[in-house]
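Visitor: I should like to learn how to read the features of a structure such as this one. May we take them one at a time?

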Amino acid sequence: MTSVVEVEDLAKRYGDRTALDGVSFTIERGETFALLGPNGAGKSTTIEILEGYRRRSGGTARVLGVDPGTAGVDWKARIGIVLQSSTEAGTATVREMLAHVASFFPSPRPVDETLEAVGLTDDARTRIRALSGGRRRRLDVALGIVGRPELLFLDEPTTGFDPEARRRFWDLVTRLKHEGTTILLTTHYLDEAAELSDRVAVIASGRLLDIGPVDGIGSPEARIPIVRWRDGDGLHEVRTGEPATLVARLVESAGREPRDVEIRRPSLEEVYLRLIEDGGGA
Amino acid sequence: MTVAERRALRPGRTLRLGAGRVVWEVRQYFRERDTVFFTFLFPTVIFLVFAAAFSSRDPIGVRPDGTGGISVAAYYLPGLVAAGVVLSGIQNLGIAIAQERSDGTLKRLGGSPLPVVSYFIGKAGSVLVTAAIQLVLLLAVAHLLFGVALPGDATHWFRFAWVFLLSILMAAVLGIGISGIPRTGRSASAVIVPILLVLQFVSGVYFTFSDLPDWLQTVAGFFPVKWVAQGMRSAFLPERFAAAEQHGTWDLGTAALVLVAWTVVGLVAARLTFRWVRRDG
């Protein structure tokens with residue numbers, strides 16, 4: 001199996017400022033890979049280098065086996081891009097725009113099917129400039145997937161979505177995964193990354209802090225389960241590798257059910273925040 | 001260029017997508033009501049203003065025996081035809097592309113498999129279509145309302161046709177070339193309009209070119225607008241008006257040469273400087 005994305009020692013400098021330094025990762029075919037990190041960490045710089053929009057200052061990058069810095073239209077026909085923001089205020093309708101962009105691709109997804117997939121069927125005849133922010137975003141997603149890309153770039157795709165729209169979007173990404181689409185995602189919603197991705201990479205200040213499966217990143221200590229309960233002395237919180245044993249002991253010593261008992265595995269968000277905190281000092 | 005890229009750039013696909021872009025661009029153009037009013041109707045509106053303002057003036061170019069003069073409206077018509085070509089092609093296209101670059105339209109297209117040449121075809125084709133319709137309107141108003149004579153024979157129509165087509169092609173490629181100069185879409189009008197305004201004035205679009213000092217006529221001769229206007233005069237004005245031109249003839253050979261030269265300059269500039277997105281160093 002060949003890797004869809006191979007990045008080795010990627011660097012990007014703007015004058016004296018280093019935006020990316022020594023970032024390496026690979027994304028396998030069919031994988032959903034999330035790039036996480038605070039604002040200004042270098043996520044968008046990385047994704048835009050891989051999309052072919054920016055030139056790298058150092059290192060190597062291969063996307064679908066081609067250097068994105070010099071790739072041509074055949075390569076572009078195999079990728080789909082959902083940019084972080086779009087501001088075009090078009091007079092075209094949603095359907096016209098989608099049909100037009102679909103015509104650029106060799107074997108596009110049918111327009112109606114694409115509209116249905118992103119939930120824009122009712123807005124097919126709406127002018128783009130009249131769409132609300134969230135619906136515009138859905139159109140961006142539709143334009144990204146209409147070419148049936150092998151590799152889909154999603155740069156903060158659900159910004160401005162209401163919770164229901166986000167759920168629908170997650171279902172859509174899951175369907176694309178089942179179709180075999182490889183996905184590179186950046187997001188600020190850690191629950192989204194946890195829900196959708198097979199692996200995540202965390203970058204901060206242009207450096208890769210960690211990379212691995214969603215339940216495998218961060219230090220082992222950061223992932224130790226937390227047990228919480230309440231008694232006469234107030235709220236207790238203990239981290240232990242054997243939470244069930246601890247709860248059993250609590251029941252035994254108190255002789256009854258402890259109040260507000262809760263066993264929780266640290267969420268990706270908690271692991272992530274700790275990584276950023278530790279990594280930021282380094 | 002890789003083998004794969006050459007395959008993708010096979011002319012059939014590029015032309016088909018280019019044709020699709022023409023339809024797309026023309027439709028977008030006519031849906032923007034303010035551009036339709038201010039750019040599409042502009043030459044016709046200016047013509048109406050001139051024709052009305054100078055309607056009581058004596059005819060121009062009267063022979064000693066008192067015959068053969070043409071109205072001021074008729075005298076201005078070729079200049080306004082030239083203005084229409086230059087405005088549609090260079091000015092509107094330059095500004096429109098600069099704005100598309102800043103509002104993300106070009107970024108989206110640049111990430112799609114649309115060949116850049118198809119995009120250029122779309123722009124040039126839409127300029128041709130809109131300028132042709134604009135011209136029909138202007139000529140209809142001039143002829144039907146003000147009795148301005150249209151080219152009288154095949155020779156003059158032929159002059160009109162080649163000057164128009166060559167100018168439009170040149171204006172479109174120059175428009176693409178000039179679009180890279182403004183740094184933002186918002187500054188595009190401020191940067192591009194004055195350049196074109198100066199060129200139009202020194203090229204005799206809005207008044208009598210032969211009234212300009214000789215050195216200024218010579219300077220204008222290095223730029224294309226003068227030659228578009230002169231070519232249009234050769235198509236619309238009576239033959240003996242050629243005597244008023246700088247060298248006493250229509251100089252159509254030079255006109256063709258200058259327009260082709262600027263088309264080549266525009267093509268090279270467009271191909272070398274055009275970027276879907278601004279490069280970040």
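Visitor: Where is the place of B:Asp65?

Guide: This is a predicted model. In chain B, the loop between helix H4 (42-53) and helix H5 (72-102) holds B:Asp65.

Visitor: Is B:Asp65 buried or exposed?

Guide: One counts the C-beta atoms around the residue; 12 or fewer within 10 Å make a residue exposed. B:Asp65 has 6 such neighbours inside 10 Å, and therefore counts as exposed.

Visitor: How far apart in space are B:Asp65 and B:Leu109?

Guide: Separation in sequence and separation in space are read independently. For B:Asp65 and B:Leu109, the former is 44 residues and the latter 63 Å, from C-alpha to C-alpha.

Visitor: What confidence does the prediction carry in chain B?

Guide: The mean pLDDT of chain B is 87, and 95% of its residues score at least 70. Within chain B, confidence is highest in helix H8 (residues 154-178), with a mean of 94, and lowest in H1(B), with a mean of 52. For the model, the scores are ipTM 0.85 and pTM 0.87.

Visitor: How should I read the side of chain B that touches chain A, and which helices supply it?

Guide: The size of an interface is often given as the accessible area lost when the parts come together. Here we may use residue contacts instead: 25 residues of chain B are in contact with 21 residues of chain A. On the chain B side, helix H1 (3-8), helix H2 (11-31) and helix H6 (105-110) each supply at least two residues. H2(B) gives the largest share, 5 residues. Sorted by class, this side of chain B has 9 nonpolar, 8 polar and 8 charged residues. Please recall that H1(B) is also where confidence in chain B is lowest.

Visitor: Which residues of chain B does UniProt annotate as "transmembrane region"?

Guide: An unreviewed UniProt entry places that feature at residues 36-55, 75-98, 119-145, 157-178, 190-209 and 255-274 of chain B. Two of these spans may be read against the model. Residues 75-98 of chain B are 100% helix, and their end C-alpha atoms lie 35 Å apart. Residues 190-209 of chain B are 65% helix and 0% strand, with 26 Å between the end C-alpha atoms. The unreviewed UniProt annotation "domain: ABC transmembrane type-2" covers residues 34-277 of chain B; in the model that span is 69% helix and 0% strand.

Visitor: Turning to chain A, how many helices and strands does it have?

Guide: Chain A has 9 helices and 12 strands. Its C-alpha atoms fill a box of roughly 70 × 45 × 35 Å along the principal axes. Of its 282 residues, 40% count as buried. Among contacts in chain A between residues at least 6 apart in sequence, 66% join residues at least 24 apart.

Visitor: What is the order of the strands in the open sheet of 3 strands in chain A?

Guide: Strands of a sheet pair through backbone hydrogen bonds, either parallel or antiparallel. The order in this chain A sheet is S11-S10-S12, and the pairing is antiparallel. Strand S11 (234-239) and strand S12 (259-264) of chain A are at the edges and have a single partner strand each, so one side of each lacks a neighbour in the sheet. From one strand to the next, the twist averages 10°. Strand S10 (residues 226-231) of chain A is joined to S12(A) over 4 bridges; A:Val227 has A:Ile263 in S12(A) as its bridge partner.

Visitor: Which helix packs on the sheet?

Guide: Helix H8 (residues 243-254) of chain A does, touching S10, S11 and S12 of chain A. The direction of H8(A) makes about 15° with that of S10(A).

Technical notes:
Residues are numbered from 1 along each chain as its sequence is written. Chains are lettered from A and ligands numbered from 1 in the order in which they are written. This is a predicted model: local features need pLDDT of at least 70, side-chain atom pairs count only at pLDDT 80 or more; totals for chains, interfaces and linings use all residues. Two residues are in contact if their C-beta atoms, placed from the backbone, lie within 7 Å. Ala, Val, Leu, Ile, Met, Phe, Trp, Tyr, Cys and Pro count as nonpolar, Asp, Glu, Lys and Arg as charged, and the others, Gly among them, as polar. pLDDT is the predictor's confidence in each residue, from 0 to 100. UniProt positions are given in the numbering used here, feature names are shortened, and annotations may be inferred rather than shown by experiment. Two strands pair if DSSP finds at least two bridges between them. Axes are lines fitted to C-alpha atoms, for helices over the stretch in contact, and angles run from 0 to 180 degrees between N-to-C directions. A residue is buried if 20 or more other C-beta atoms lie within 10 Å of its own, exposed if 12 or fewer, and partly exposed in between; C-beta atoms are placed from the backbone.
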